Amino acid sequence: MKSVRLFDFIQFDGASWQVAAHDGAELALKNLSTGRIRRVPVAELLADDSYLPDAPAPLPSLAGVALLETLEPGARAQAELLHRHVYELVNGTPPDAAPGTAPKPEYDLANPLLRRIEAKAAELAAAGTPIAARTLRRHVAAYRKQGIAGLADGRNTRQSTLAGWADPELVALLEAEIAGQTNTSTGTRSRAVTRVRALAERQGLGVPSPATLYRILAKLEKSRHPFGNATTRRTQASRPDRTWGRQAPVRPGELVEIDSSPLDLMLIYPDGSTGKADLTVALDIATRTPLAAVLRPEATKAVDAAVLLARAMTPLPLQPGWDAALGYSRSVLPQGMIPGGADVRSAIAAKPVIVPESITVDRGKVYIGATFTAACERLQISLTKAAPRTGTDKPHIERFFAAVNSGFTQYLAGYTGPNVVRRGKDPAAEARFGLADVQSLLDWWLVAVWQNRPHPGLRHPAMPKKDLTPNEAFAALSGVAPQIPVTLTREDYIALLPLDWRTIQPYGINFHNLHYDNPALHEYRGVPSGLPAPANGRWEIRYDPYRLQSIHVRDHRKGVWIEAEWTMARQLAGPFSLDVLAAAKKALDRRSGSIPGADLLAEVNRIMTAPSGRAEARAARRASASPSSVPDPAPLRLLAPVSEGEPKPEPGAAAPSAATATAPAGPRPRRHARRIDLLED
């Protein structure tokens, strides 16, 4: 407790002073070195950290004022009784005496303190509760220093250590054993006790009984879960050793978190096998709005993270091929799972379009690679990397994945549960949906259900007890922090696709030894683009690595994109990817040195429908994320070669894809073009 009185000598503001006068709320301080007078408010003086009185405060400390509340009733009654006698010794009257009451003659303050203490000792001895005069002097000193807390029995207020009287070196061995359980398989307490006993005996330490070791171990293991679930133990070990912070963005898009997690659902792949998929989500923290969600089989690649940015900044209706893909899923899914077009359009219109300003990601190679960072740079988005192995730096996106499981995934056939303890007998046998179908269902669930469900983390200061929905939170924040809506058009979307440079030949464009053509290329056949290095006269093309049935050629003279289609794209069973193309070439190279176009077409269709081997199955799985825009009723008929002289079928499945945003590809070695897409006679 701080106090200041007239004529006190104090230390303040790096100098020695004496309180010379007291005028209302101000003090006049005299500098002992210079004699200068300084006026200082009392509140400012007592609150300043540099203030230090030369003598200790005459008032007792209030640090233990609540100590009596923690004592047992008997110990508390004893302390209160002792306080009554000590108070009378110090002040002359009992604490409950009425104002103006005269003290007893033996406790008059005119008498020396020692004489008053002797009188009090005689009084207590006559009452049958003797206390020595020396003990009373100690009680008076304790009361003056600590107040009534100093009169409590020290045996009742003694603080015990965590391990009691155990040897500190033995406690250190137990601490090390508990810390060593973080990344090991879960064992029992008896294993830990046995190891510690062996180490202690080897070091010559005194080993207490097993019961004592178990008691000490129980005190040390609190909140670490060293003998519980391994996942819980590792999660607790990764908690930061600092105060929990709170991210409170006030603008939509101010802070966005991106992460990937396996979806707890078994899917059906094109080859008939089953497996899981990775879900990558971009979540706006201010409104809890998922800007985009992408499902990919196997592990998420950098191009998948880049496509997430393009989808986040492009409304669903503007994404090439999204309407057709949704219509395809509506045709193959049970009736009613995806509603009609009017309901879908109204739900999409209510979903806000948010432009990310800053993105927080973990340190996975998908997010710190050149592809993703270059995409963020092109979109002028700042990138923040979370601390290594610290999931608490992105708590909102981690909780979102759990919400997807509880609100969406668990209602689908093939749900696996969050862990093996909650898993059914055979989730793979229950799988009913493909990757593209689940992607369409997830997109619909996000705009129709999630965006209109109250979230406990979204509350407005004017309505602190009402949980807002993401759409309501966006409307509330937009009123105080409006932003300029910026979305990517179809042309912007294409501009974020992977880049390559090609010449336009009389037969079209040779890309990965496939022939792409469009009538709009007639005037540029054999004509250099005129672009400097790195183009060197070649034309800029953009391609979707998951939908190679068409590429986009940049007509920089007219400022438009020309979509060039593979000459055999209409005979495909569905869109194919670079992985499928590489697998088809590898299968044909094993047979012969030449690769006719009919054979390549048949191999691509075979891999897309009935892959053989692990590599082909993996390629087909990743390609299955981009479904055919229009389902073909007779896919087997398309497997047969069709000569170029026969009439071509009507335009069908090949629709522009939901593309990917990547950095420009590096220079490729020049070699002579080899036409492999022409059928042999």
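## A guided tour, starting at Asn405

Asn405 counts as buried, because its relative accessibility is 15% and the cut-off for buried is under 20%. Select Asn405 to begin; keep in mind as you go that this is a predicted model. The residue lies in helix H15, which covers residues 395–407. Now show what surrounds the side chain. Leaving aside neighbours within four places in sequence, Asn405 is in contact with Asp264, Gln410 and Tyr415.

**Zoom out to the whole chain**

Colour by secondary structure and you will have 23 helices and 18 strands to explore. Of the 681 residues in the chain, 43% count as buried. The chain exposes about 35,400 Å², and carbon and sulfur atoms supply 54% of that area. How far apart in sequence are the residues that meet? Taking contacts between residues at least 6 apart in sequence, 64% join residues at least 24 apart.

**Select residues 113–126 and 133–146**

These two stretches are helices H3 and H4, which pack at an angle of about 120° with their axes 9 Å apart. H3 passes H4 in a right-handed crossing. To see the contact itself, show side chains on both helices. From H3, display Leu113, Leu114, Ile117, Lys120, Ala121 and Leu124; from H4, display Ala133, Leu136, Arg137, Val140 and Arg144. If you colour these residues by type, you should find 8 nonpolar, no polar and 3 charged.

**On to a five-stranded sheet**

Next, pick out the open sheet whose 5 strands follow the order E10-E9-E6-E11-E12, with mixed pairing. Which strands stand at the edges? They are E10 (289–297) and E12 (382–385). Each has a single partner strand, so one side of each is left without a neighbour in the sheet. Turn the view to follow the twist, which averages 20° from one strand to the next.

Stay with the E10 edge for a moment. Its pairing with E9 (residues 277–284) is antiparallel and runs over 8 bridges. For a landmark in that pairing, select Leu283, whose bridge partner in E10 is Pro290. As a general reminder, strands of a sheet pair through backbone hydrogen bonds, so turn on the backbone atoms here. Then add residues 435–448: this is helix H17, which lies across E9 and E10 and runs at about 170° to E10.

**A hairpin and its further partner**

Select residues 509–511 for strand E14 and residues 514–517 for strand E15. The two run antiparallel and are joined by 3 bridges. Ile509 has Tyr516 of E15 as its bridge partner. Between the strands of this hairpin there are 2 residues, and His512 takes a positive phi near 55°.

Keep Tyr516 highlighted and bring in strand E18, residues 560–566. E15 and E18 also run antiparallel, with 2 bridges joining them. What stands opposite Tyr516 in E18? Look for Trp566.

**Last stop: Leu531**

Finally, move into the loop between E15 and strand E16 (539–544), where you will find Leu531. Is this residue buried or exposed? Leu531 counts as partly exposed, because its relative accessibility is 26%. Leaving aside neighbours within four places in sequence, Leu531 is in contact with Trp501, Asn536, Gly537, Arg538 and His556. To finish, draw a C-alpha to C-alpha distance from Leu531 to His556: the two are 25 residues apart in sequence and 9.3 Å apart in space.

Note on methods. Residues numbered from 1 in each chain as written. Predicted model: local features only at pLDDT ≥ 70, side-chain atom pairs only at ≥ 80, totals over all residues. Heavy atoms only, no water. Axes fitted to C-alpha atoms, helices over the stretch in contact; angles between N-to-C directions. Helix = DSSP H or I, 4+ residues; strand = E, 2+ residues; numbered from the N terminus. Left-handed = near helix turned anticlockwise from the far one by under 90°. Contact = heavy atoms within 4.5 Å. Nonpolar A, V, L, I, M, F, W, Y, C, P; charged D, E, K, R; others polar. Pairing = 2+ DSSP bridges. Buried < 20%, exposed > 50% of the residue type's maximum accessible area, 1.4 Å probe, protein only. Areas by Shrake-Rupley, 256 points an atom, 1.4 Å probe, with all protein chains shown as cover.
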